Every structure is written in C-alpha cells, then in structure tokens.
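User: I am new to this structure and would like a close look at a single part of it, followed outwards into whatever surrounds that part. Please take it slowly and connect each step to the one before.

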Amino acid sequence: MVVVVKPEVPPFQDFLEANRATVYRFLTVAVGSHDADDCFQETFLAALRAYPRVTNGERLDRWILRIASRKAIDHHRAGGRRALPTAELPDRPTQSDDRTPDDELWTAVRSLPPRQRVAVVHRHVLDRPYVEIAEMMGTSEQTARANVYQGTKKLREMIR
C-alpha cells in the first residue's frame with residue numbers, strides 16, 4: 001500500500017515571509033514601483049481570503065504568483081478606466097523620481113500589453129519555466145510561450 005503524504009500548509013505568516021520578496025519583485029517590474037505596493041497588498045489579501053481552503057502546501061509559490069499575475073493584469077486593464085484627480089494640469093510632463101538602471105528597457109516592458117508583460121517578467125526576470133508560467137497565468141503552455149515570444153519580439157523592435 002502506497003501512502004501519499006501532502007506537504008502541510010504553513011501558517012499564513014510563514015507563507016507570507018517566504019514569498020514576499022519574489023512577489024514584490026515581480027509586481028515592481030510588472031506594474032511599476034509606484035503601484036507595486038497596492039498590487040502587493042491586493043495579492044496577499046486575496047491569498048488570505050482563499051488560504052483556509054488550501055489543502056496542499058506543495059506549490060504555494062506558484063499559487064501566489066498566479067494571484068499576483070492576475071492582479072497585475074487587472075491593474076493594467078483598470079488603468080484606462082481610472083480617473084486621475086489633479087488640482088491643475090501641468091504645463092509640461094513631469095519626470096518620475098524613481099529611475100531604474102536601464103530606464104529605456106523598463107519603459108518598453110511597461111508598454112507591452114498586460115498578458116505579454118506578465119509572461120515576459122515571469123520568464124526573463126523571475127526565470128520561471130513555461131510550464132509554471134502557464135499555470136500561474138491560467139493558460140496553456142503554448143499560450144505562455146506565445147506571450148513570451150511576442151513580448152520579447154516587441155521589446156527587441158522597440159529597443160533597436
């Protein structure tokens with residue numbers, strides 16, 4: 001008789017501590033440093049609500065990145081619908097204070113469509129295999145590969 005032992009689900013605080021850096025790094029690249037905090041909080045609030053239903057602690061890192069991926073996509077979709085309150089319009093565009101080492105690249109990454117951006121960040125920033133990217137994005141492996149390919153292709157065209 002073979003007994004299958006499922007890994008125990010750790011307390012939520014331990015789960016949060018183990019995954020916070022990876023999730024925050026992903027969200028910083030996926031939505032930008034300005035909005036990463038809000039998406040980070042939304043991600044872990046969603047995880048906290050669902051955590052009592054988790055029965056297997058084996059792939060919690062992928063599970064939380066899947067939630068973060070969806071929150072990043074939702075953030076970008078909502079961006080076009082959100083009103084930005086201002087007291088008065090500036091005479092010229094303002095520059096962001098937070099500059100990344102390769103600002104041209106990150107600007108190009110932020111201009112990608114949401115699904116391509118999330119797939120490219122998972123693949124090239126977090127170095128995740130396509131199988132995991134597909135699982136986290138809720139797509140097939142072929143779709144994950146296509147999103148990474150198309151996003152990388154667009155980035156190459158923009159950076160040239």
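Analyst: S69 is found in helix α3, and what follows describes this residue and its surroundings in a model that is predicted. With a relative accessibility of 1%, S69 counts as buried, since the cut-off for that word is under 20% relative accessible area. Its side chain reaches the backbone oxygen of L65 at a distance of 2.8 Å. Leaving aside residues up to four places away in sequence, S69 touches F26, V118, H122 and M136. Two of these partners, F26 and M136, offer ways onward from S69, and they can be taken in turn.

F26 leads into the largest nonpolar core, which has 41 residues, and there F26 is named with F15, V23, L27 and F44 as the members that touch the most others. Two or more residues of this core come from each of α1 (12–31), α2 (33–50), α3 (60–79), α4 (103–110), α5 (114–125), α6 and α7 (141–159). The helix that gives the most to the core is α1, with 9 residues. As a general background, nonpolar side chains in soluble globular proteins tend to be buried together. L27, another of the core members with the most partners, touches G32, A36, C39, F40, T43, A68 and A72 when residues up to four places away in sequence are not counted.

M136, the other partner of S69 chosen here, is one of the buried residues of α6, where Y130, E132, I133, A134 and M137 are buried as well. Since 6 of the 8 residues of α6, which covers residues 130–137, are buried, this helix is largely enclosed by the rest of the structure. Just after α6, G138 takes a positive phi of about 70 degrees. A positive phi also occurs in the loop between α5 and α6, where D127 has its place; the phi of D127 is near 55 degrees, and D127 is a residue other than glycine. With 59% relative accessibility, D127 counts as exposed.

Helix α6 also takes part in charged pairs. E135 meets R59 in a salt bridge between their side chains, at 3.3 Å from N to O. As E135 lies in helix α6 and R59 in the loop between α2 and α3, the pair ties together parts that are 76 residues apart in sequence. The side chain of E135 also meets that of R62 in a salt bridge, at 3.4 Å from N to O. R62 lies in helix α3, so its pairing with E135 of helix α6 joins parts that are 73 residues apart in sequence. The partners are not equally covered: R62 is buried, with a relative accessible area of 17%, while E135 is partly exposed at 26%, and R59 is partly exposed at 42%. Both pairs belong to a wider setting, for R59, D61, R62, R128, E132 and E135 are linked in a network of salt bridges. Across the whole structure, a search finds 7 salt bridges.

From α6 the path continues to α7, whose buried residues pack against α4, α5 and α6. The 19 residues of α7 should span 27 Å at 1.5 Å a residue, and the C-alpha atoms at its ends are 27 Å apart, which agrees. The residues buried in α7 are A144, N147, V148, G151, T152 and L155. They cover an arc of only 120 degrees around the axis, which puts them on the same side of α7. On the face turned away from that buried side, α7 carries the exposed residues Q142, Y149, R156 and E157. A salt bridge is also found within this helix, where E141 pairs with R145 and the closest N and O atoms are 3.2 Å apart. Both of these residues lie in α7, 4 residues apart, or about one turn of the helix. E141 counts as partly exposed at 29% relative accessibility, and R145 is partly exposed too, with a relative accessible area of 40%.

Returning to the starting point, buried S69 touches F26 of the surrounding structure on one hand and M136 on the other. F26 belongs to the largest nonpolar core, whereas M136 is among the buried residues of α6.

Methods
Residues are numbered from 1 along each chain as its sequence is written. This is a predicted model: local features need pLDDT of at least 70, side-chain atom pairs count only at pLDDT 80 or more; totals for chains, interfaces and linings use all residues. Side-chain values use heavy atoms; hydrogens and water are left out. Buried means under 20% relative accessible area, exposed over 50%, partly exposed in between (1.4 Å probe, protein chains only). A nonpolar core is a set of buried Ala, Val, Leu, Ile, Met, Phe, Trp, Tyr and Cys residues joined through side-chain atoms within 4.5 Å. Contact means heavy atoms within 4.5 Å. The expected span of a helix is 1.5 Å times one less than its number of residues. The arc is that of the directions from the helix axis to the C-beta atoms. A salt bridge is a side-chain nitrogen of Lys or Arg within 4 Å of a carboxyl oxygen of Asp or Glu. A polar contact is a pair of N or O atoms within 3.5 Å; within protein, one must be able to donate a hydrogen and the other to accept it, and residues adjacent in sequence count only if both atoms are side-chain atoms.
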